[in-house]
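This report goes through one protein model, region by region. The structure is shown first.

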Amino acid sequence: MSRCFSFTRTKNWCFRSTFTRSGLRSEITDLKDGTVMHCWVPKTRKDSKPDLLLIHGLGANALWQWGDVIQHFAPYFNVYVPDLVFFGDSYTTRPERTESFQAQCLMRVMEAHSVQKFSLVGLSYGGFVGYSMAAQFAEAVERVVICCSGICMEEKDLIEGVFAVSDLEEAGRILVPQSPDKLRELVGYTFFRPPPVRLIPSCFLADFIDAMCGEYVEEKRDLIRAVPKDRRLSDIPKLTQPTLIIWGEHDRVFPLELGHRLKRHLGDNAYLTVVKNTGHAFNVERPKEFIKLLKSFLVDLQPPPGNPVSNTKAI
């Protein structure tokens, strides 16, 4: 049976061109412990610019999740955009699957490029990794942006009805889809107003799965299993860096309550902004607002305007 034209690989090529035009190059770093990391790094690092690390989430590689963002920040920062372990061209033969291990791998990549201090943005699962980096390497991480990441979830939340999907194995099948139907289900959970994926031919969806979700399937699901394992709020460290928390109002992957929980956990050091009429993929549904919030916090070094008492804002 003939396959559809590969829209996914064509889009991937377009994103690569965007990264290249934005002054980045593809770089492989062998950590010499069975782990190989791929990262987009500046072709020429400028000491006059601060450094910024962009960490993607599940579902795709760094190109797809940051392809529409990179051009807005390359003029202001030396930007580093890695593929997490088991995504893109990054992998390991080691058994570790925690966000702490991912954070340590990213830190070693930054050290390999002589980056001593940087700010970071983490999307969804990337937020778990970014938070862990900020906690482990507080002297290196200056400002933190956490986007719809359930940092303060607890293992008991899975059985107490906090999540739309409480079965971890089923969550893994949705978040790492292997069929067009599961991909449609994933889109339904991540968007407040989902695009009409039912009208998209299954061969196009299968093409995306083959290109983005076809490798390291069980390893990626292990990453998901590792997140809630023995997780308790009392064990989660409190960051000392200025932290911006951004959440979609109608997030069905990590409910908004987890955003408020994180804000309470961090106290006055953090700011929570709720993007109205969006879901988990608020950065896709309201991209202009997303860019504006990031620029205000990372470029202008300003907190989002809002209630000075609660440090919480809805836009």
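The sections below cover the core, one helix, a surface patch, the cysteines and two single residues.

## Nonpolar core

The model is predicted. Its largest nonpolar core has 97 residues, and those with the most contacts inside it are Val81, Phe118 and Ile246. The element that gives the most to this core is helix H4, residues 99–112, with 7 residues.

Val81 can be followed further. With neighbours within four places in sequence left aside, the contacts of Val81 are Phe19, Leu24, Cys39, Trp40, Leu54, Ala62, Trp66 and Ile70.

## Helix H9

Helix H9 spans residues 217–226, and its buried residues are Val217, Lys220, Arg221, Leu223, Ile224 and Ala226. Lys220 and Arg221 are thus listed as buried alongside Val217, Leu223, Ile224 and Ala226.

The cover over the buried residues of H9 includes four helices: H4, H5 (125–136), H6 (168–175) and H8 (202–213). H4 is also the helix that gives the most residues to the largest nonpolar core.

## Surface patch

Phe7, Ile200 and Phe204 make a nonpolar surface patch of about 250 Å². Phe7 belongs to helix H1, which runs over residues 7–21. Phe7 counts as partly exposed because its relative accessibility is 44%, between the 20% limit for buried and the 50% limit for exposed.

## Cysteines

The whole structure was searched for disulfides, and 0 were found. For Cys147, the closest cysteine sulfur is that of Cys148, at 6.0 Å; this is too far for a bond, because a disulfide needs the two sulfur atoms within 2.5 Å.

Are Cys147 and Cys14 buried or partly exposed? Cys147 has a relative accessible area of 0%, so Cys147 is buried. Cys14, at 34%, is partly exposed.

## Ser179 and Thr190

Ser179 lies in the loop between H6 and helix H7, the latter covering residues 180–190. With a relative accessibility of 25%, Ser179 counts as partly exposed. Ser179 and Leu205 are separated by 26 residues in sequence, while their C-alpha atoms are 8.0 Å apart in space.

Thr190 is placed in helix H7. A relative accessible area of 12% makes Thr190 buried, since the limit for that class is under 20%. Which residues does Thr190 touch, not counting those up to four places away in sequence? They are Val253, Gly279, His280, Ala281 and Glu285.

How values were computed. Residues numbered from 1 in each chain as written. Predicted model: local features only at pLDDT ≥ 70, side-chain atom pairs only at ≥ 80, totals over all residues. Heavy atoms only, no water. Core = buried A, V, L, I, M, F, W, Y, C linked by side-chain atoms within 4.5 Å. Buried < 20%, exposed > 50% of the residue type's maximum accessible area, 1.4 Å probe, protein only. Helix = DSSP H or I, 4+ residues; strand = E, 2+ residues; numbered from the N terminus. Contact = heavy atoms within 4.5 Å. Patch = residues over 30% accessible without salt bridge, like charges linked within 9 Å, V, L, I, M, F, W, Y side chains within 5 Å. Areas by Shrake-Rupley, 256 points an atom, 1.4 Å probe, with all protein chains shown as cover. Salt bridge = Lys/Arg side-chain N within 4 Å of Asp/Glu carboxyl O.
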